[in-house]
Amino acid sequence: MRILVVEDEEAIADIIATKLRREKYEVDTSFDGEDGLYNAMTNIYDLIILDIMLPKMNGIEILKELKENNINAKIIILTAKSGLDDKLKGFDTGANDYVTKPFHIEELIARVNVQLRAKGNKIEKDILEYSDLSLNIRTSTLTCLETSESITIPYREFLLLEYFMNNREQIISKEQIYDKVWGIDSDYESNNLEAYLSFLRKKLKVIGSKVNIKAVRNLGYKMEG
Ligand code: CA
């Protein structure tokens with residue numbers, strides 16, 4: 001899952017990003033409001049952590065723009081203790097939660113997890129399930145429930161697999177996969193999506209799963225099982 005952190009205090013943004021990456025999230029950062037809006041409008045994020053007091057454009061304005069453009073990321077706003085008005089405005093404009101500054105990083109991470117792991121209802125206790133597959137997102141262990149065989153999935157393949165499992169039985173375009181798994185600034189050519197997909201298909205076979213990732217001609221890929 002991919003998160004955008006919009007926070008002009010770069011040291012704070014870095015701490016948040018580092019911590020989230022340790023939790024296996026993909027993270028991008030923006031240090032001012034305009035860049036934050038630009039990134040958020042790509043609609044590739046599952047969640048956006050949005051500071052209110054930002055140079056160039058404030059968080060409330062960004063929030064309004066996002067809602068008007070049907071950007072469906074969950075939003076957690078960061079606000080100063082005195083900024084109660086901001087919070088209320090934030091909820092009016094559609095924020096999902098807020099965290100008051102100064103905050104404990106663990107508190108923020110917990111709020112993020114609540115927002116994202118509540119989403120699919122399929123995820124309980126860090127386990128993502130589809131068909132005969134069970135993916136432990138803490139340990140990156142993939143288990144086939146039919147055969148009880150397990151295998152550890154390397155980082156990039158893990159991101160791919162997680163994305164497919166969250167969008168099972170839907171056609172996903174190459175562009176969506178690149179944006180989601182490699183990030184918006186990535187170099188498409190060098191990513192070698194096909195290679196990563198074949199590694200993943202092999203692992204699915206090795207553990208005896210009936211799940212497959214099929215190519216859908218001219219459209220993209222689809223996970224079925
Ligand atoms: Ca700020």
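**View 1. Asp8 and the calcium site of the predicted model.** At a relative accessibility of 28%, Asp8 counts as partly exposed, because the class in between runs from the 20% limit for buried residues to the 50% limit for exposed ones. The structure shown here and in the views below is a predicted model. In this model the calcium ion is coordinated by Asp8 (OD), Asp51 (OD) and Met53 (O), at 2.1 to 2.3 Å, and along the chain these donors follow the spacing D-x42-D-x1-M. Distant parts of the chain are linked in this way, since Asp8 sits in the loop between strand S1 (2-6) and helix H1 (10-22), whereas Asp51 belongs to strand S3 (residues 47-51), 43 residues apart. Asp51, in contrast to the partly exposed Asp8, is buried, with a relative accessible area of 4%.

**View 2. Strand S3 and its parallel partners, S1 and S4.** Strand S3, which carries the calcium ligand Asp51, is mostly covered, five of its five residues being buried. Both of its faces are covered, with Leu47, Ile49 and Asp51 buried on one side and Ile48 and Leu50 buried on the other. In a regular strand the side chains alternate between the two faces of the sheet. Four bridges join S1 to S3, and these two strands run parallel; Leu4 stands opposite Ile48 in S3. S3 also pairs with S4 in the parallel sense, over five bridges, and here Ile48 stands opposite Ile75 in S4.

**View 3. Strand S5 beside strand S4.** Strand S4 (residues 74-80) is joined to S5 by five bridges, and the two strands run parallel, with Leu78 standing opposite Val99 in S5. Strand S5 (residues 97-101) has a covered face, made up of Asp97, Val99 and Lys101, and an uncovered one, made up of Tyr98 and Thr100.

**View 4. The antiparallel sheet of S10, S12 and S11.** Three strands form an open sheet in the order S10-S12-S11, and the pairing is antiparallel. The edge strands, each of which pairs on one side only, are S10 (171-172) and S11 (212-216). Five bridges join S11 to strand S12 (residues 220-224), and the two run antiparallel, with Ile213 standing opposite Met223 in S12. Helix H6 (residues 155-166) lies across S10, S11 and S12, running at about 70° to S12.

**View 5. Ser173, in the loop after S10.** Ser173 is found in the loop between S10 and H7, and at 18% relative accessibility this residue counts as buried, because the limit for that class is under 20%. Leaving aside residues up to four places away in sequence, Ser173 touches Leu219 and Gly220.

**View 6. The packing of helices H7 and H9.** Two packed helices are described by the angle between their axes and the distance between the axes. Helix H7 (residues 174-182) and helix H9 (residues 193-206) pack at an angle of about 80°, with their axes 12 Å apart, which makes H7 roughly perpendicular to H9. Lys174, Ile177, Tyr178 and Trp182 of H7 make the contact with Leu193, Glu194 and Tyr196 of H9. By class, this contact of H7 with H9 has five nonpolar, no polar and two charged residues.

Key. Residues numbered from 1 in each chain as written. Heavy atoms only, no water. Pairing = 2+ DSSP bridges. Contact = heavy atoms within 4.5 Å. Axes fitted to C-alpha atoms, helices over the stretch in contact; angles between N-to-C directions. Donors = N, O, S within 2.8 Å, 3.2 Å for Na, K, Ca; no water. Buried < 20%, exposed > 50% of the residue type's maximum accessible area, 1.4 Å probe, protein only. Parallel < 35°, antiparallel > 145°, perpendicular 65-115°, else oblique. Nonpolar A, V, L, I, M, F, W, Y, C, P; charged D, E, K, R; others polar.
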